[in-house]
Every structure is written in structure tokens, then in C-alpha cells.
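Grab a pencil and open the viewer. Here are a few short exercises, each with a worked solution.

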Amino acid sequence: MTFPKLTIGDLVARIPIIQGGMGIGVSLSGLASAVANQGGVGVIATAGLGVLCPDKETDYVEGSIKVLREEIRKAKEATKGILGVNIMVALTNFADMVETSIAEGVDLILAGAGLPLDLPKYLKKGIETKLVPIISSAKAARIICKRWLARYNKLPDAFVVEGPMAGGHLGFRSEQLDDPGYALEKIIPEVVEAVSVFERENGVKIPVIAAGGIYTGADIFEFLKLGAAGVQMGTRFVATHECDANIKFKKAYIDAKKDDLVIIESPVGLPGRAIRNDFIESIQGGLKKPFKCLYHCIIPCNCSDSLYCIAMALSNAVKGKLKGGFAFAGKNAYRVNRILSVRELMESLEKEFDRALDGLRDESFRSAVR
Ligand SMILES: Cc1cc2nc3c(=O)[nH]c(=O)nc-3n(C[C@H](O)[C@H](O)[C@H](O)COP(=O)(O)O)c2cc1C
């Protein structure tokens, strides 16, 4: 077993893999605790949790708090491993989700889809929750570091850097997605370099974690060579027995072909990567899917002009009702051909990582004797 550990402050994960937070209901306590039990970091996603509240008397705001609290408690009962919560900065109930996560004692909060410029303000004295922004550029890393230092005398505990091959909403413009200038392989060294300045000046470690399109143990090896301390993976964890989505959602991954992975313009004003289906084709053809906005859940969502409700489309898909929505997925989702347990997935990633490491050892041995 040669996976290096991932250290974030005083948290030490035996496996350098964070399971990406996946809304709406794709990563809840089931998946998060399974990943944490295998030595990775398990993450519960908070986007849209209010729609999952079984108690129909409870409104979206209260329902979101209730579901999050229950999911964190269930996960903690199921594992002693490391648990995080993913909170999109663009959520209208961002503050509720952060406060609930801290009150329930999660190990870390990962926040993206916007710059979490004020996240440290929620930390009270003695609270150990680690704060991890999700970014897509070195510029964003510098802005956050400077702002947190100036306002809170604090730096992020780590950064997740999400590149253009990820699933879900993406932090790039559509035309940047295939531009090699924005490839994850290019951004990681830039972020590592930007962050190292703050590490040196402040005598701290800020691990950089690579995300987006990472599929095999050999990919993990490549990103660690580029200076990442770990990886975040989403797509691979969808095709696991423990993933909280309906089996039909997982089967959509298995059935997907390479050119089924398409970019949609989401009503929230960001491009998103999803698996093409009839729903996507009809909205791309301009057909309106009538809906009533129950709660304006994402700040920039242009719900009055939108052809459909993104929260409803995603939550229908997660429940297996793919006629009424679609599955978000990473660019490599077409490579998924079966459903594994989280344990099998971790073991296969570690074997592939070992093989890549052996290959490098052989290579350096060959060049040493050449
Ligand atoms: C189904 C799905 C839902 C996602 N939902 C969220 C989310 O709610 N918040 C977020 O920050 N990222 C979300 N993501 C991104 C993942 O957390 C992860 O960073 C990304 O998928 C990594 O790329 P990969 O899928 O190629 O491994 C989602 C991704 C997928 C596939």
C-alpha cells in the first residue's frame, strides 16, 4: 500500500482521496460514511437538501437544516473517519448550511461555486472545522488568501482545484472548457506556486487537491507528481453501491457513450456537464418544462426566464425519474462500465497507483544504469 496520506491541519486521511460533494442527494450519509470508512474523506452535499425533506409541512429553509443535521448524524454513527460537507457559495441558504455543519462538528467544509470570501466569519473560538475553498484558478487562490489574512488573520486549510473535466456546474466559461490553457494539468502547478508564497510567509501548509476528470490510480499519481497533495473525485463514486442516488441514475452512467457527455447552460448562469437525454434535448430545442419555483435556492438563478427548474431536474434524476430531469456527470463518465463497492473502487485505485509508481521506479532505475 503506497498511497501517501493526505494531511489537512490535524486531520490525516489514510488515502489521499476526497469524495466530491454531489447534490441533490447523490452524496448523503451513505456514500460519505462508506468513503470515510475506507480511509478517504467522505462528503455530504448540501445543494437542494430542502427538497429531500420527507416532512411536507416543513418549508424549504427549515427542511434543508433538518435534512443536513440528520445526514451528518447518520454519517457520524456509521463512521469514525473524516467527514466533510460541500456548500455552494451561491446557495441562498449558505449561512444556514455552514452554521449547521459547524454546530454538528463536521471535520471540514468545502465551499465552491463562488468565492467563499467570508467563510471564516462563521468559525467561533475553539472550533476546529477546516475550511477548504473550491477554486478553478491561481488568481482565485490569491484573492482568497489575501482577503482571509486581512480580515480574519487566517488562511485556507487546503484548496480543491476543480478543472474543466469535472461534472456538475463548472467554474469556467463554455469556450474555456477545451482550451489547453485551462487544463487541470496546467492550473495545478500554478495554484501550488501561488499558494507556496503564502505558506512560506506564514509558516503553514496549504495542501492543494486536484479535481475533475481524475479516473484511475495512474491519474492520481500524475497529479501528485504535479504537486497536488490529493485528489477529489466525483464521477467514480456515483457508480458505487453505496452512492445515495437511485440505481437508474447510476445506470445512466453505465449506458453513457463518450458523445453523450454534453455541456448545458444552467439557469444559474454557469455551464454544467451532464449526460444527454430526452429532457436535455427538449430544453435545448427551446421547449419549456412548466414549474413553480418553491424557493429561490441559488442566488444567480434566473428562474423567471428559465425553461426549467434545475433543482427539480436534478432531484428527479437522482430519484430515478430521468424523464423529468438529467444526471450531472464528469467528462469521463462514459468509461464507467459497472457498479463497484467503495472498497473495491479504492483497492483498484490503489493498485493502479502502485503500478504507476513501480513504472516510475523502473524508469529511474533504467536511466540510472543507462
Ligand atoms: C452528479 C454530480 C453532482 C455534483 N454536485 C456538486 C455540488 O453540489 N457541489 C459541488 O461543489 N460540486 C458538485 N459536483 C462536482 C464534484 O464534487 C467533483 O468535484 C467533480 O465531479 C470532480 O470531477 P469528476 O467527476 O470527473 O471526478 C458534482 C458532480 C457530479 C458528477
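**Exercise 1.** Is Ser136 buried or exposed?

*Solution.* Keep in mind that you're looking at a predicted model. Start with the cut-off: a residue counts as buried under 20% relative accessible area. Next, take the value for Ser136, which is 17%. That is under the cut-off, so Ser136 is buried.

**Exercise 2.** Where does Ser136 sit, and which residues does it touch?

*Solution.* First find strand 7 (130–135) and helix 4 (138–152); Ser136 is in the loop between them. Then look for neighbours, skipping residues up to four places away in sequence: Ser136 touches Glu162, Gly171, Phe172 and Ile187. Finally, zoom in on Glu162, whose backbone oxygen lies 2.9 Å from the side chain of Ser136.

**Exercise 3.** Work out why the radius of gyration of the protein chain agrees with a compact globule.

*Solution.* Begin with the chain length, 370 residues. A compact globule with that many residues would have a radius of gyration near 21 Å. The protein chain comes in at 20 Å, so the two agree. For a feel of the outline, its C-alpha atoms fill a box of roughly 70 × 50 × 40 Å along the principal axes.

**Exercise 4.** Describe how the chain is built and covered.

*Solution.* Count the elements: 11 helices and 13 strands. Then check burial, where 54% of the 370 residues count as buried. Now turn to contacts between residues at least 6 apart in sequence: 66% of them join residues at least 24 apart. Last comes the accessible surface, about 16400 Å², with 53% belonging to carbon and sulfur atoms.

Conventions: Residues numbered from 1 in each chain as written. Predicted model: local features only at pLDDT ≥ 70, side-chain atom pairs only at ≥ 80, totals over all residues. Heavy atoms only, no water. Helix = DSSP H or I, 4+ residues; strand = E, 2+ residues; numbered from the N terminus. Rg over C-alpha atoms; globule rule 2.2 N^0.38 Å. Buried < 20%, exposed > 50% of the residue type's maximum accessible area, 1.4 Å probe, protein only. Contact = heavy atoms within 4.5 Å. Areas by Shrake-Rupley, 256 points an atom, 1.4 Å probe, with all protein chains shown as cover. Polar contact = N/O pair within 3.5 Å; in protein donor to acceptor, adjacent residues only side chain to side chain.
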